[in-house]
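Got your viewer open? Here's a short walk through the structure, one selection at a time.

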Amino acid sequence: MPADDLGGALPPTGLLRRSARVVAKGVRAEPGLFALAVGGSTLYGVMTAGMAQAVGWVTTHEITPAIADGHLEVRRAAVIFAVIGGVVVLTTIGVLLRRIAGGFTMFNVAADYRRQVTRQYLRLPLAWHQRHPSGQLLSNANADVEAAWGIFMPLPMALGVIVMLLAGAVQMVLVDPVLAAVGFTIFPLLFAANAVFQRRMSARVTHAQQLRAEVAEVAHESFDGALIVKVMGRESHETARFAEVSDRLRRAAIEVGRTRGTFDPIIEAIPTIGTLALLGVGVQRIASGAVSTAELIQLAYLIAVLAFPVRALGWVLGEIPRTLVGWERVSAVLEARGQMTYGDIHLPGTAPLGSDHPGGVAVRFEGVSYDYAAAHTASAPPEALQSIDLEIAPGQTVAVVGPTGSGKSTLAALVVRLIDPTRGRVRVDGSDVRALARGALAREAALVPQQTFVFDDTVRGNITLGLEIDDDEVWAALRAAQADGFVAALPRGLDTEVGERGATLSGGQRQRLALARALVRRPQLLVLDDATSAVDPTVEQAILAELGAGTGGMTLIVIAYRMSTIALADDVVYLERGRLRDRGRHDELMTRCQGYHDLVTAYAREAAEREAVNR
């Protein structure tokens with residue numbers, strides 16, 4: 001973040017102006033609740049200031065005469081109770097309105113912006129997500145949103161008690177201008193102390209908020225890679241890494257607390273000093289007959305009470321740096337713009353799962369290249385794909401083969417438009433994918449990656465993902481994925497909870513659930529990115545046979561390495577170093593493409609050796 005974006009690097013006027021714009025956004029989101037909170041705070045302020053007048057009135061008209069009479073009549077006691085009690089009741093109502101409505105305002109606005117941030121995450125392209133760590137994104141949606149709108153708890157109070165400040169100041173002047181002038185000297189001191197406090201706090205709060213995001217990043221990465229950490233015996237290293245960033249946050253938070261702890265006693269002491277000065281001068285004013293004892297008590301009470309509005313304004317000033325830092329981090333997400341554009345073209349509908357109706361879409365690559373350096377950073381690897389020209393007919397099964405780093409997964413991501421090519425175009429049924437309506441390709445195409453993700457939900461929930469899909473269709477998809485057997489054997493069948501990331505399932509079972517998740521949507525285009533690598537070869541053959549014969553003739557692109565899988569394809573595409581080196585049937589490529597021959601036979605030898613070892 002540039003220095004000018006840090007709260008502590010800006011003058012107070014800049015902070016106030018920018019924070020006012022942020023607050024205005026929140027007020028526009030919940031105007032009714034915010035008005036109710038400010039109204040409650042205003043009632044509280046008026047009644048708190050009015051308490052001084054009430055105390056002065058009952059002292060003059062009820063308490064002093066009762067003392068002179070030597071006894072307190074029931075009528076006088078009732079009047080005192082009614083006046084003071086009425087003010088207390090109205091003050092309590094004001095506090096309740098302020099706190100409840102202010103809390104609803106803050107939490108409603110925060111919830112709305114969490115939804116906005118989450119929706120923006122879903123809209124932004126994969127390339128954007130690859131540039132931003134998951135921990136940082138979690139921090140944006142949680143801690144940063146809270147920081148941005150936390151100001152709505154003290155703000156209604158600060159605005160409402162301004163009325164208290166004005167009403168109290170007028171009362172003081174009306175009672176005695178001389179003592180009022182003495183009392184008013186505390187206000188410049190309080191404002192000066194708050195200004196210094198806000199300036200000192202700004203940079204410290206900014207630094208602490210940024211460190212919260214770093215802690216979230218490290219924690220998420222450590223938890224996400226827990227298996228690797230344990231397998232590699234790196235628990236102590238990860239613990240030390242998390243401890244280091246946590247300690248930095250601890251030190252930053254202590255610095256914030258130390259600054260607050262230094263200024264709070266000063267700000268609290270100033271009104272007390274003002275009250276003592278007022279009493280000292282007030283004694284002389286009483287002796288001269290300028291004011292009465294009751295009036296001096298009223299003024300002393302007002303001084304003590306009026307220090308509170310200034311402190312409330314100080315709380316708001318203390319929240320401003322945190323608010324701005326949180327908002328800037330949230331708005332950076334909301335204002336992010338991906339490179340993906342959409343048109344209004346829709347693809348034709350799909351055939352029912354298991355029908356004999358011909359389906360599938362045509363896929364065509366026209367001079368397609370993808371450059372990670374252009375899409376991400378200058379340190380990224382060179383072009384993953386270079387000038388790919390490829391055409392796949394509707395209903396065709398194509399195997400994509402190539403060594404590691406040849407661009408197979410990049411090609412798969414381009415087909416389903418997780419990313420857009422840096423040059424060239426990808427067409428589906430003759431239409432450039434960039435001209436398709438938003439969601440049109442996602443409704444007709446599905447990608448099953450090698451690294452499958454299973455939610456902490458039931459089997460049914462993992463397959464339907466919230467869609468209203470009949471159980472018969474779910475079982476049909478499971479049968480096509482060769483998963484119906486093990487699902488039927490689970491304790492509760494489709495209602496069995498599979499645990500976080502599918503912890504209760506094997507790797508092959510998770511892959512088959514992911515495949516069923518794709519098939520239940522009846523895609524016309526299915527891309528399997530080595531999606532059966534953890535599945536037994538015989539099961540894989542059954543899956544591919546089912547996909548080829550019983551799913552409506554969908555277009556199927558399989559990234560594969562097993563010779564038995566490749567041999568089932570209508571066509572084989574061989575990639576090497578990002579280029580399409582050859583294309584044809586498996587037996588043709590075996591005779592004319594040396595690179596393909598060497599790669600496939602190496603895979604075959606490795607599989608044979610592994611099978612021999614397992615025996």
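Which ring does the charged end of Arg-417 sit over? Select Arg-417 and look for Tyr-342: the charged end is over that ring, 4.8 Å from its centre. Bear in mind as you click around that this is a predicted model. For another arginine of this kind, pick Arg-98, which lies over the face of Tyr-44 at 5.3 Å from the ring centre.

**Aromatic pairs**

Now show the aromatic side chains. The count comes to seven aromatic pairs. Zoom in on Phe-34 and Phe-152: their ring centres are 5.5 Å apart and the planes meet at 85°, over the 60 degrees that edge-to-face requires, so the pair is edge-to-face. Phe-34 belongs to helix α2 (residues 31–69), while Phe-152 is in the loop between α5 (134–149) and α6 (154–175), so the pair ties together parts that are 118 residues apart in sequence. Both Phe-34 and Phe-152 are buried.

Next, jump to Phe-453 and Phe-455. The centres of these two rings are 5.0 Å apart with planes at 75°, so this pair is edge-to-face too. Here the exposure is another story: Phe-453 is partly exposed, with a relative accessible area of 38%, and Phe-455 counts as partly exposed at 39%.

Go back to Phe-34 and widen the selection. Phe-34, Tyr-113, Trp-149, Phe-152 and Trp-327 form one aromatic cluster.

**Along α2 to Trp-57**

Stay with helix α2 and select Trp-57, which is found there. With 37% relative accessibility, Trp-57 counts as partly exposed, because that value falls between 20% and 50%. Leave out residues up to four places away in sequence, and Trp-57 touches Glu-62, Val-79 and Val-83. Then put a distance label on the C-alpha atoms of Trp-57 and Ala-294: they are separated by 8.4 Å, although the two residues are 237 apart along the chain.

**Helix α10**

Select residues 235–287, which make up α10. How far apart are the end C-alpha atoms of α10? They are 77 Å apart, and the 53 residues should span 78 Å at 1.5 Å a residue, which agrees. Partway through this selection, find Asp-264, a residue of α10. Asp-264 is partly exposed, at 34% relative accessible area. From there, label the C-alpha to C-alpha distance to Phe-197: it reads 9.0 Å, with the two positions 67 residues apart in sequence numbering. Just after the helix, click on Gly-289, which takes a positive phi of about 80°.

**α18 and the nonpolar cores**

Now select residues 507–519, helix α18. Its 13 residues reach 19 Å from the first C-alpha to the last, close to the 18 Å expected. Is α18 mostly covered or mostly open? Mostly covered: 11 of the 13 residues are buried, among them Gln-509, Arg-512, Leu-515 and Arg-517.

Turn on side chains around the helix to see the largest nonpolar core, which has 45 residues. Within it, Leu-478, Leu-519, Leu-526, Leu-528 and Tyr-596 touch the most other members. α18 gives the most to this core, with six residues. Centre on Leu-528 next. Setting aside neighbours within four places in sequence, Leu-528 is in contact with Val-448, Leu-515, Leu-544, Leu-547, Leu-556, Ile-557, Val-558 and Ile-559.

For the last stop, select Leu-411, Ala-413, Val-428 and Val-527: they are included in a second, separate core of 34 residues.

Methods
Residues are numbered from 1 along each chain as its sequence is written. This is a predicted model: local features need pLDDT of at least 70, side-chain atom pairs count only at pLDDT 80 or more; totals for chains, interfaces and linings use all residues. Side-chain values use heavy atoms; hydrogens and water are left out. Helices (H or I, at least four residues) and strands (E, at least two) are DSSP runs, numbered from the N terminus. Buried means under 20% relative accessible area, exposed over 50%, partly exposed in between (1.4 Å probe, protein chains only). The expected span of a helix is 1.5 Å times one less than its number of residues. Rings of Phe, Tyr and Trp (its six-membered ring) pair if their centres lie within 6.5 Å; planes under 30 degrees apart count as stacked, over 60 as edge-to-face and the rest as tilted. A charge sits over a ring if NZ of Lys or CZ of Arg is within 6 Å of the ring centre and within 35 degrees of the ring normal. A nonpolar core is a set of buried Ala, Val, Leu, Ile, Met, Phe, Trp, Tyr and Cys residues joined through side-chain atoms within 4.5 Å. Contact means heavy atoms within 4.5 Å.
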